[in-house]
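User: Could you take a close look at one end of a charged pair in this model, and then work outward from it? I'd like one connected read rather than a list.

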Amino acid sequence: MQSRVNINSVITPPEDAKISVLDHGLLFGDSIYEVLRTYEGKPFLFSRHFARLEHSAAGIGLQLPWTKPETLEQVHRTLIPGECRIRLVITRGVGEANPNTETCSDSAAIIIVVPLTSPEESIYQNGANVVISSVRRSGRYADIKTGSLIHQVLALREAKSKGAFEAILLTADNNLSDGITSNIYLVHNGVILTPSHDAGIVEGITRAVVLDLAQKMGIRVSEGLFHVTQIKRADEMFLTSTGREVVPITRVDGKPVGNGRPGPIATRLLEAYRAAIPSLLQED
Ligand SMILES: Cc1ncc(COP(=O)(O)O)c(C=O)c1O
């Protein structure tokens with residue numbers, strides 16, 4: 001099915017979707033975004049994504065053009081048959097070709113809906129190969145999802161050049177932060193260790209669900225600062241994101257993690273996550 005784009009409530013095929021070259025989203029990355037997916041054709045955990053969008057908007061002083069019900073209605077209007085990946089972008093809007101936001105007119109709302117592509121099932125069975133990125137996570141605006149994504153772009157270029165599935169970005173102090181577009185977890189002696197807010201992470205929607213499931217399953221979770229050298233001692237590792245759910249990490253920079261096979265905790269959490277989807281779909 002053809003992808004569809006909604007710009008300010010006008011829906012077109014992608015090739016007809018145009019915004020001005022003077023939009024500050026294009027010129028300065030002055031925009032915010034969310035990436036959602038559907039299960040059974042329904043946008044998943046929309047309220048949680050909208051809350052994070054509001055957090056991002058507040059972080060850069062941007063007025064959202066649509067209310068929450070209006071945004072959901074526009075997302076529904078834009079969906080295509082089958083499971084969808086939905087990129088919701090709000091830009092600062094059209095202004096002068098300088099970074100002065102006072103020159104901008106109304107912000108623009110963009111919804112890009114494409115068919116969802118999920119990782120191959122073999123990734124879940126065999127685990128993913130990731131690398132440590134040479135790109136660092138920058139602290140202050142880390143938890144605001146803005147369109148200034150050059151760090152992610154460069155980290156992904158580097159990861160792809162090494163044939164890696166994902167890259168782990170470190171803080172300036174060599175602590176683990178996030179993947180390029182995922183949250184990262186170590187397991188040591190049965191305890192899940194995951195970088196906390198202080199490590200400059202994006203507070204993943206999937207992360208919150210998975211940590212909640214872990215606690216319900218009686219698995220201890222420790223959030224904090226974890227040095228990159230702790231990977232050597234990890235029994236297992238995994239990552240989470242909206243599109244990839246829970247993916248075991250079995251190699252980092254070519255070296256096996258633990259015994260080099262997907263670990264029992266990642267495997268149990270993936271099963272628990274998939275089992276929880278029907279009830280999570282009941283959330284707005
Ligand atoms: C830096 C970063 N960390 C984590 C995530 C995972 O977040 P979520 O589970 O909400 O998809 C993302 C998603 O794009 C991200 O960009």
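Analyst:
**Starting from Lys216**

Lys216 is exposed, with a relative accessible area of 65%. That puts Lys216 past the cut-off, since exposed means over 50%. Keep in mind that this is a predicted model. Lys216 has a partner out there: its side chain meets that of Asp212 in a salt bridge, 2.9 Å from N to O. Both residues sit in helix 6, four residues apart, which is about one turn of the helix. Asp212 is partly exposed, because its relative accessible area of 37% falls between the 20% and 50% limits.

Now stay with helix 6, but look at Arg207. Arg207 also forms a salt bridge, this time with Glu223, and the closest N and O atoms are 2.8 Å apart. Here the pair reaches out of the helix: Arg207 is in helix 6 (residues 205–216) and Glu223 is in strand 12 (residues 221–224), so the contact ties together parts that are 16 residues apart in sequence. The two ends have their own settings, too. Arg207 is buried at 5% relative accessibility, whereas Glu223 is partly exposed at 47%.

Those two pairs belong to a bigger set, as the whole structure has ten salt bridges. Another one is Asp30 with Arg92, where the closest N and O atoms are 2.7 Å apart. This pair links distant parts of the chain, 62 residues apart: Asp30 is in the loop between helix 1 and strand 3, and Arg92 is in the loop between strand 5 (84–91) and strand 6 (108–115). Both ends are tucked away: Asp30 counts as buried at 12% relative accessibility, and Arg92 does as well at 11%. Salt bridges also link three residues into a network, namely Glu121, Glu245 and Arg274.

Strand 5 comes up again if you follow Thr38. Thr38 is in strand 3 (residues 31–39) and is buried, with a relative accessibility of 0%. Its side chain is busy all the same. One polar contact goes to the side chain of Glu83 at 2.6 Å, and at 2.7 Å the Thr38 side chain reaches the backbone nitrogen of Cys84. Cys84 is buried too, at 1% relative accessibility, and so is Cys104, at 16%. Don't go looking for a disulfide, though: the search of the whole structure finds zero of them.

Go back to helix 1 and you get to a greasier bit of surface. Ile19, Val21, Leu22, Leu26, Leu27, Phe28 and Val94 form a nonpolar patch there, with about 560 Å² of accessible area together. Leu27, one of that group, lies in helix 1 (residues 24–28). Leu27 is partly exposed at 35% relative accessible area, so it clears the patch cut-off of over 30%.

Then there's the ligand. It has 15 residues around it, and Arg52, Lys145, Ile205, Thr206 and Thr242 come nearest. Thr242 also has a polar partner on the ligand: an N or O atom of its side chain is 2.6 Å from a ligand oxygen. On the nitrogen side, a polar side-chain atom of Asp178 lies 3.0 Å from a ligand nitrogen, and a polar backbone atom of Ser182 is 3.4 Å from a nitrogen of the ligand. Taken alone, the ligand has 390 Å² of accessible area, and the protein covers 96% of that.

One last stop is Val135, in strand 7 (residues 128–136). Val135 counts as buried, with a relative accessibility of 13%. If you want a ruler across the fold, take Val135 to Leu53: 82 residues apart in sequence, and 25 Å from C-alpha to C-alpha.

Back where we began, then: Lys216 sits exposed at 65% and pairs with Asp212 in the same helix, while Arg207, also in helix 6, carries its salt bridge across to strand 12.

Definitions and conventions: Residues are numbered from 1 along each chain as its sequence is written. This is a predicted model: local features need pLDDT of at least 70, side-chain atom pairs count only at pLDDT 80 or more; totals for chains, interfaces and linings use all residues. Side-chain values use heavy atoms; hydrogens and water are left out. Patches are made of residues with over 30% relative accessible area and no salt bridge: like charges are joined within 9 Å, nonpolar side chains (Val, Leu, Ile, Met, Phe, Trp, Tyr) within 5 Å. Accessible areas come from the Shrake-Rupley method with a 1.4 Å probe; for residues, only the protein chains shown count as cover. A salt bridge is a side-chain nitrogen of Lys or Arg within 4 Å of a carboxyl oxygen of Asp or Glu. Helices (H or I, at least four residues) and strands (E, at least two) are DSSP runs, numbered from the N terminus. Buried means under 20% relative accessible area, exposed over 50%, partly exposed in between (1.4 Å probe, protein chains only). A residue is near a molecule or strand if one of its heavy atoms lies within 4 Å of it. A polar contact is a pair of N or O atoms within 3.5 Å; within protein, one must be able to donate a hydrogen and the other to accept it, and residues adjacent in sequence count only if both atoms are side-chain atoms. A disulfide is a pair of cysteine sulfur atoms within 2.5 Å.
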